[in-house]
Amino acid sequence: MYDTIVPPGFRSNPFCFFRVPDEKKGKTGREKKEEHAESGDKNENAIRCKNCGFRICGPEQRMDRDGHHMHVFNNPAGYVFEIGCFSSAPGCAVRGEPTMEFTWFPGFAWRFALCANCFAHLGWLYLSGSGRSFYGLILANIAEDIR
Ligand SMILES: [Zn+2]
């Protein structure tokens, strides 16, 4: 007894019934492999201003916020920024009064962080009321020496 129901169209195009789920192509998070050079690296790797090459901080100053080093945000003008979080950035000159306006990190006010050498805009310094701070640097504007 063959009582299998063959849906119309099956013979002409059997694959139309076996759709590949779209999730495969979907975003599964934009995680990059992050190597933390914490073991005595002789070479002086540095995060540098892409514009002038000035040393901004070391790779060990990378940190995670809310479980991620990298965050993607839109500003009110619609620009998309990919930023990385850093515990400190001695090569930055910080400008402007702290403001909570449009802040991307709730509870943190921001100030502009510029390259201390060429004054290119590299990102923002974030400050909490309780005195915690970190830098969010625009990944497109910095470069890491890789050795
Ligand atoms: Zn610079």
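Which residue in strand 6 is the bridge partner of Cys 92? Select Cys 92 and Cys 115 together: Cys 115 is that partner in strand 6. The model on display is predicted, and the tour below returns to this pair after a look at the whole chain.

**The whole chain**

Colour the protein by secondary structure. The model contains 0 helices and 9 strands, and the elements accordingly read β-β-β-β-β-β-β-β-β from the N terminus on. Buried residues amount to 19% of the 147 residues. Among contacts with a separation of 6 or more, 48% join residues 24 or more positions apart.

Next, colour by confidence. The mean pLDDT is 80, and 69% of the residues reach 70 or more. Select residues 9-42, where pLDDT stays under 50; the model has 14 contacts beyond four places in sequence for this stretch. Where pLDDT is low, the predicted coordinates should not be read in detail.

**The sheet of 6 strands**

Hide residues 9-42 and display the open sheet of 6 strands, whose order is 3-4-8-7-6-5 with antiparallel pairing. Its edges are strand 3 (70-74) and strand 5 (92-99), each of which pairs on one side only. From one strand to the next, the twist averages 30°.

Begin at the edge formed by strand 5. Strand 5 runs antiparallel to strand 6, and 5 bridges join the two. The pair of Cys 92 and Cys 115 belongs to the pairing seen here.

Move to the opposite edge and select strand 3 with strand 4. These strands are antiparallel and are joined by 5 bridges; Phe 73 has Phe 81 of strand 4 as its bridge partner. The two strands form a hairpin with 5 residues between them, and Gly 78 in the turn has a positive phi of about 95°.

Remain on strand 3 and select His 71, which lies in this strand. Is His 71 buried or partly exposed? His 71 is partly exposed, because 18 other C-beta atoms lie within 10 Å, whereas a buried residue requires 20 or more. Add Leu 139 to the selection: its C-alpha atom is separated from that of His 71 by 9.8 Å, although the two are 68 residues apart along the chain.

Step inward from strand 4 to strand 8. Their antiparallel pairing extends over 4 bridges, and Ile 83 has Ile 138 of strand 8 as its bridge partner.

**The largest nonpolar core**

Show side chains for the largest nonpolar core, which has 23 residues. Those touching the most other members are Ile 56, Ala 89, Ala 113, Leu 122, Tyr 135 and Leu 137. Two or more residues come from each of strand 1 (47-49), strand 2 (55-57), strand 4 (80-86), strand 6 (108-115), strand 7 (121-128) and strand 8 (133-138). Strand 7 provides the largest share, 5 residues.

Centre the view on Tyr 135. Neighbours within four places in sequence aside, Tyr 135 is in contact with Phe 86, Ser 88, Ala 89, Cys 92, Ala 113, Gly 123 and Leu 125. Cys 92, from the opening pair, is thus met again among the contacts of Tyr 135.

**The sheet of 3 strands**

Finally, select the open sheet of 3 strands, ordered 2-1-9 with antiparallel pairing. Its edge strands are strand 2 and strand 9 (142-144), each pairing on one side only, and the twist averages 40° from one strand to the next. Strand 1 and strand 2 are antiparallel and pair over 2 bridges. To close the tour, select Arg 48 and its bridge partner in strand 2, Arg 55.

How values were computed:
Residues are numbered from 1 along each chain as its sequence is written. A nonpolar core is a set of buried Ala, Val, Leu, Ile, Met, Phe, Trp, Tyr and Cys residues joined through C-beta atoms within 7 Å. A residue is buried if 20 or more other C-beta atoms lie within 10 Å of its own, exposed if 12 or fewer, and partly exposed in between; C-beta atoms are placed from the backbone. Two residues are in contact if their C-beta atoms, placed from the backbone, lie within 7 Å. Two strands pair if DSSP finds at least two bridges between them. Axes are lines fitted to C-alpha atoms, for helices over the stretch in contact, and angles run from 0 to 180 degrees between N-to-C directions. pLDDT is the predictor's confidence in each residue, from 0 to 100.
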